[in-house]
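Q: Could you take me on a close look at one part of this fold, a pair of neighbouring strands and what packs against them? I'd like one connected walk-through rather than a list.

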Amino acid sequence: MEKCSKCGNPKIIIHRKESGQSLCSDCFIRSIQKKAIQTIKKEKLLEKGDKVLVALSGGKDSVATLDILETFRQRHIIDICAVTVDEGIDNYRQDGVDIAISHAKRLGIEHKVVSFKDSFNITLDEIMKKENHRGSCTYCGVFRRWIINKAAKDMGATKIATGHNLNDESQAILMNYLEGNIDNLTKLGAKTTSKSDKFTVKIKPLREVPEREIGLYVLARNLDVHLDGCPYSSQSFRGEVGEILQDLSINHPTIMYSTLRGFDKIKPAIKKELSPSFTYSNCEICGEPSSNKLCRVCTFLKELDCEINF
């Protein structure tokens, strides 16, 4: 009978093909927490006294991020607040919003829910009905970052924590390689900083944890999460790249790790030689930081013929 590689417990919940480890529930939970803490320490993601804004969607990745960062709050190392972005996707988003509200109340942390509709007077569903749209993920990513960065400033956060996992990171690396998007490659990593102090530092504690293990972690921890996938995700280039990596992982189980580690080795050279030199000012319409007269949010809203009223 197969037993836990750590403690000998016969109740196995996972066999890690890439390492050969078999783990019981308790040892698996500790292994995920340990991996996230190692990333936090190695990359110097947290400092004592930080107020960390968690981008809390209610999905498995953001809830797991909140759960692990809560251990630092309990030890009085950091404070935590959270923001949930409601993109306006019918029959999908509200469940995640409700779960996020529940976790924030359970932990007693400051929490905001901010919608695309309230911020930009348009929902993602309404955008996708327009003939001249650029694709759901283009708007969602830009609009969400705008909301989250503004919320961080409003709530006095020193860091923004997102739930990006190993799958997300390896997908982003491969996508930007394939598209030749060097600017984006210079911005990837465990900690995203900017030459402008108008942007709050972003951190990714779970970037070395596979997506399937995060799903198992929240189940093992009995954490309520929104498990449905975004109905627009299948239309994205990221989704296609994700399928390629998943297929490769069947016969090459360490492929996502090697993609991440290989990129981390060359990133300093890419950043040194190819980082764009932006001069940041404020967007003429919304007042948020921008390297052009208009930020991307306001540029997109004008393209969509939306009434802009900040």
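A: Let's start where strands S4 and S5 meet: they run parallel and are joined by 6 bridges. Strands count as paired here if DSSP finds at least two bridges between them. Strands (E, at least two residues) and helices (H or I, at least four) are DSSP runs, numbered from the N terminus. Before going further, a caveat: this is a predicted model, in which local features need pLDDT of at least 70 and side-chain atom pairs count only at pLDDT 80 or more, while totals for chains, interfaces and linings use all residues. Residues are numbered from 1 along each chain as its sequence is written, and side-chain values use heavy atoms, with hydrogens and water left out.

Within the S4-S5 pair, you can find Val 83 opposite Lys 112 of S5. Helix H3 packs on the sheet here, touching both S4 and S5, and its direction makes about 165 degrees with that of S4. That angle is taken between N-to-C directions on a scale from 0 to 180 degrees, with axes fitted to C-alpha atoms, for helices over the stretch in contact.

On its other side, S4 has S3 (residues 51-55) as a parallel partner, over 5 bridges. Leu 53 sits across from Cys 81 of S4 in that pairing. Zoom out and you have an open sheet of 6 strands with mixed pairing, in the order S5-S4-S3-S6-S8-S7. S5 and S7 (191-192) are its edge strands, each pairing on one side only. S4 itself is mostly covered, with 7 of its 8 residues buried. Buried means under 20% relative accessible area, exposed means over 50%, and partly exposed is in between, using a 1.4 Å probe and protein chains only.

Now for H3 itself. Its 15 residues (93-107) should span 21 Å at 1.5 Å a residue, and the end C-alpha atoms are 22 Å apart, so the two agree. The expected figure is 1.5 Å times one less than the number of residues. Which residues of H3 are buried? They are Arg 93, Gly 96, Val 97, Ile 99, Ala 100, His 103, Ala 104 and Leu 107. Looking down the helix axis, these buried residues fall within an arc of 165 degrees, so they line one face of H3; the arc is that of the directions from the axis to the C-beta atoms.

What covers that buried side? The cover includes helix H2 (60-74), along with strands S4 (79-86) and S5 (110-115). Contact here means heavy atoms within 4.5 Å. Flip the helix over, and the face turned away from the buried side carries the exposed residues Lys 105 and Arg 106. Just past the end of H3 comes Gly 108, with a positive phi of about 70 degrees.

To tie it together: S4 pairs with S5 and with S3, while H3 packs on the sheet against S4 and S5.
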